[in-house]
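Thanks for making time for this, everyone. I would like to walk you through one protein model today, going slowly from the whole chain down to single residues, so please have a look at it first.

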Amino acid sequence: MGGLGEKVPIELAVKCYSKEKMKSSVRRKILQNEFDVLCRVEHPSVIQFYQKLETRSEIHFLMEYFKGQGLDCFLRRFLQKRIPRKVAKPILRQVLEGLDYLHRQSIFHRGKADQTSSSRT
């Protein structure tokens, strides 16, 4: 790890939103709600939000980069067979812990399964 003042490189994911496409009040409200939720959330089973940056034409959310396979890709490997318990158990535990945390914060995840990340080990 780096010392004081030393830069430590990290990988980030960046979600970009065009301000041109955010002209409707409904879209702006949805984006503001997402930002408000991301600022409140801090849990090991939930992707971490770092910062919001704006340019003249875009809004950027800087977030933790997830190195791994999305839950949808993982589940597709098992379409015709059972997922072994020793594989499924830690993933299911992590998903449920994240959802439990969100629910205790009065945040309800309404994303599709293909938008949910799998284990962050």
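Among the contacts in the protein with a separation of 6 or more, 63% are made by residues that are 24 or more positions apart. Please keep in mind, as we go on, that what you see is a predicted model.

Let me turn to the overall make-up. The secondary structure comes to three helices and three strands, and if you read along the sequence you meet them in the pattern β-α-β-β-α-α. Of the 121 residues in the protein, 24% are buried, and the area that the protein exposes is about 9600 Å², with carbon and sulfur atoms supplying 54% of it.

Now to the sheet. In what order do the three strands of the open sheet lie? The order is 1-3-2, and the pairing is antiparallel. Strand 1, residues 12-18, and strand 2, residues 49-54, stand at the edges with a single partner strand each, so one side of each is left without a neighbour in the sheet. From one strand to the next, the twist averages 20 degrees.

For those who are new to this, strands of a sheet pair through backbone hydrogen bonds, and they can do so either parallel or antiparallel. Here, strand 1 pairs with strand 3, residues 58-64, in the antiparallel sense over seven bridges, while five bridges join strand 2 to strand 3, and these also run antiparallel. The link between strand 2 and strand 3 is a hairpin, which joins them through three residues.

Is strand 3 largely enclosed or largely open? Six of its seven residues are buried, so strand 3 is largely enclosed by the rest of the structure. Part of the picture is helix 1, residues 25-40, which lies across strand 1, strand 2 and strand 3, and which runs at about 25 degrees to strand 3.

We can follow the pairing residue by residue. Valine 14 has leucine 62 in strand 3 as its bridge partner, lysine 15 stands opposite phenylalanine 61 in strand 3, and phenylalanine 61 is also the bridge partner of lysine 52.

I would like to stay with lysine 15 for a moment, which is found in strand 1. Lysine 15 and leucine 62 are 47 residues apart in sequence, and yet their C-alpha atoms are 6.7 Å apart in space. Which residues does lysine 15 touch, if we leave out those up to four places away in sequence? They are Glu34, Ile59, His60, Phe61 and Met63. Even with these contacts, lysine 15 counts as partly exposed, because its relative accessibility is 34%, and buried would mean under 20%.

Finally, let us look at the surface. Val8, Ile10, Leu12, Val14 and Tyr50 form a nonpolar patch there, and together they have about 450 Å² of accessible area. One of them, leucine 12, has its place in strand 1, and leucine 12 counts as partly exposed because its relative accessibility is 35%.

To close, the point I would like you to take away is that strand 3 is largely enclosed by the rest of the structure, whereas strand 1 and strand 2 stand at the edges of the sheet.

How values were computed: Residues are numbered from 1 along each chain as its sequence is written. This is a predicted model: local features need pLDDT of at least 70, side-chain atom pairs count only at pLDDT 80 or more; totals for chains, interfaces and linings use all residues. Side-chain values use heavy atoms; hydrogens and water are left out. Two strands pair if DSSP finds at least two bridges between them. Helices (H or I, at least four residues) and strands (E, at least two) are DSSP runs, numbered from the N terminus. Axes are lines fitted to C-alpha atoms, for helices over the stretch in contact, and angles run from 0 to 180 degrees between N-to-C directions. Contact means heavy atoms within 4.5 Å. Patches are made of residues with over 30% relative accessible area and no salt bridge: like charges are joined within 9 Å, nonpolar side chains (Val, Leu, Ile, Met, Phe, Trp, Tyr) within 5 Å. Accessible areas come from the Shrake-Rupley method with a 1.4 Å probe; for residues, only the protein chains shown count as cover. A salt bridge is a side-chain nitrogen of Lys or Arg within 4 Å of a carboxyl oxygen of Asp or Glu. Buried means under 20% relative accessible area, exposed over 50%, partly exposed in between (1.4 Å probe, protein chains only).
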